[in-house]
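Ready for a few short exercises on helix packing and the protein interior? Take a look at the model, try each task, and then compare your reasoning with the worked solution.

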Amino acid sequence: MLDGVMLLWFLLTALSLLYVVIDIRATPESPVLKWGFVLLTAYTGPLGAFLYVLGCREPLPGLHERYVATRWRQVLGSTMHCVAGDGVGILAGAVIASLFHLSKSADIALEYALGFGFGWTVFQSLFMRGMAGGSYMRALSSTFFPELLSMNCLMAGMVPAMTLAMKSTPASHKPSGPAFWFIMSMALLIGFITAYPMNWWLVSRHMKHGMMTVRPLGESVNGGARKTMHDGHSPSEHTGGGAQPTSKPPMDDDAKPVSNSVLTWATILSFVIFGLGLSISVIFGGL
């Protein structure tokens, strides 16, 4: 029965990925977030495509700015960005650990290190450095703690899901088999769910961005003139010079900067949540 479920899942994933790859080209979204949705769909199949349609795809021409302005869609973009970037490193770590027959604890440590490293230095800082004025070092500094908090909550859901599923499915330890990729997909989906609340807090405190709208130069919005840029950066800093951002993530005017003490407690909380996930893995998953 599991083989039939996996076959159906991979077929649906292939169709969903094909749809998103083709359709998202017409969506006026940041290129980085477009790649994020492609990766998320590769990880989570039809659920990733569903989230793209529900949370990012422009319902009618000229409505993308208003459509993605709702808080839950902003948080969806933030969480998706985290899972997409971190997922690349996590999957690479899982494959390497399997090939070199590392222990379960070493496997988790490697997945965490590569997931956080790639998500922070590449997907968050390198690709989004335009939001830090074009400075990569400034982007590294400003995204470290948001990425850390989000990563801890992602792994808190992913690790127990992965260890429990692999414990009951011996054939899933080898990346050459379909069970490995099916379980990793399910684990990343659970991680997405557990990371969402933390990303809500991060977005509401202006510590992470959500969805954006990026339109080609000269494109009109709702039949009128193209809107001007709101964040003060040049088009090349955001999109490589080929498009113009027409809106940035909406922010609450009354939101206050996060103090160091609040950030410290939030960091501690994220490690506690991660620790709970690890505890479940040790007690029930044999980690």
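**Exercise 1. Determine the handedness of the crossing of α6 and α7, and describe their contact.**

Solution. In this predicted model, α6 and α7 cross in a right-handed way. Next, take the geometry: the angle between the two helices is about 145°, and their axes lie 8 Å apart. Angles here run from 0 to 180 degrees between N-to-C directions, so a value over a right angle tells you that the two directions point largely against each other. Finally, sort the contact residues of α6 with α7 by class: 15 are nonpolar, 7 polar and 2 charged.

**Exercise 2. Describe how α2 and α5 pack, and say which residues meet.**

Solution. Start with the axes again: α2 and α5 are 8 Å apart and pack at about 60°. Their crossing is left-handed. Now list the partners. From α2 come Val-32, Leu-33, Gly-36, Phe-37, Leu-39, Leu-40 and Tyr-43, while α5 offers Gly-77, Met-80, His-81, Val-83, Ala-84, Gly-87, Val-88 and Leu-91. Sorted by class, this contact has 11 nonpolar and 4 polar residues, and no charged ones.

**Exercise 3. Find the residues that touch the most other members of the largest nonpolar core, and trace which elements build this core.**

Solution. The core holds 54 residues, and Phe-37, Ile-90, Met-155 and Met-184 touch the most other members. Then look at the elements: two or more residues each come from α2 (31–44), α3 (46–55), α5 (71–99), α6 (104–126), α7 (136–168), α8 (178–204) and α10 (260–285). The largest share, 11 residues, is supplied by α7.

Now follow one of these residues, Phe-37. Setting aside neighbours within four places in sequence, Phe-37 contacts Val-20, Ile-24, Gly-48, Leu-51, Tyr-52, Cys-56, Met-80 and Met-211. Met-80 may look familiar: it is one of the α5 residues in the contact with α2.

**Exercise 4. Sum up the whole chain: which elements does it have, how much is buried, and how far apart in sequence are its contacts?**

Solution. First count the elements: there are 10 helices and 2 strands. Their order along the sequence is α-α-α-α-α-α-α-α-β-α-β-α. Next comes burial, with 50% of the 287 residues counted as buried. For sequence distance, consider contacts between residues at least 6 apart: 74% of them join residues at least 24 apart. Last, the accessible surface comes to about 13,200 Å², and carbon and sulfur atoms account for 70% of it.

Methods:
Residues numbered from 1 in each chain as written. Predicted model: local features only at pLDDT ≥ 70, side-chain atom pairs only at ≥ 80, totals over all residues. Heavy atoms only, no water. Helix = DSSP H or I, 4+ residues; strand = E, 2+ residues; numbered from the N terminus. Buried < 20%, exposed > 50% of the residue type's maximum accessible area, 1.4 Å probe, protein only. Contact = heavy atoms within 4.5 Å. Areas by Shrake-Rupley, 256 points an atom, 1.4 Å probe, with all protein chains shown as cover. Core = buried A, V, L, I, M, F, W, Y, C linked by side-chain atoms within 4.5 Å. Left-handed = near helix turned anticlockwise from the far one by under 90°. Nonpolar A, V, L, I, M, F, W, Y, C, P; charged D, E, K, R; others polar.
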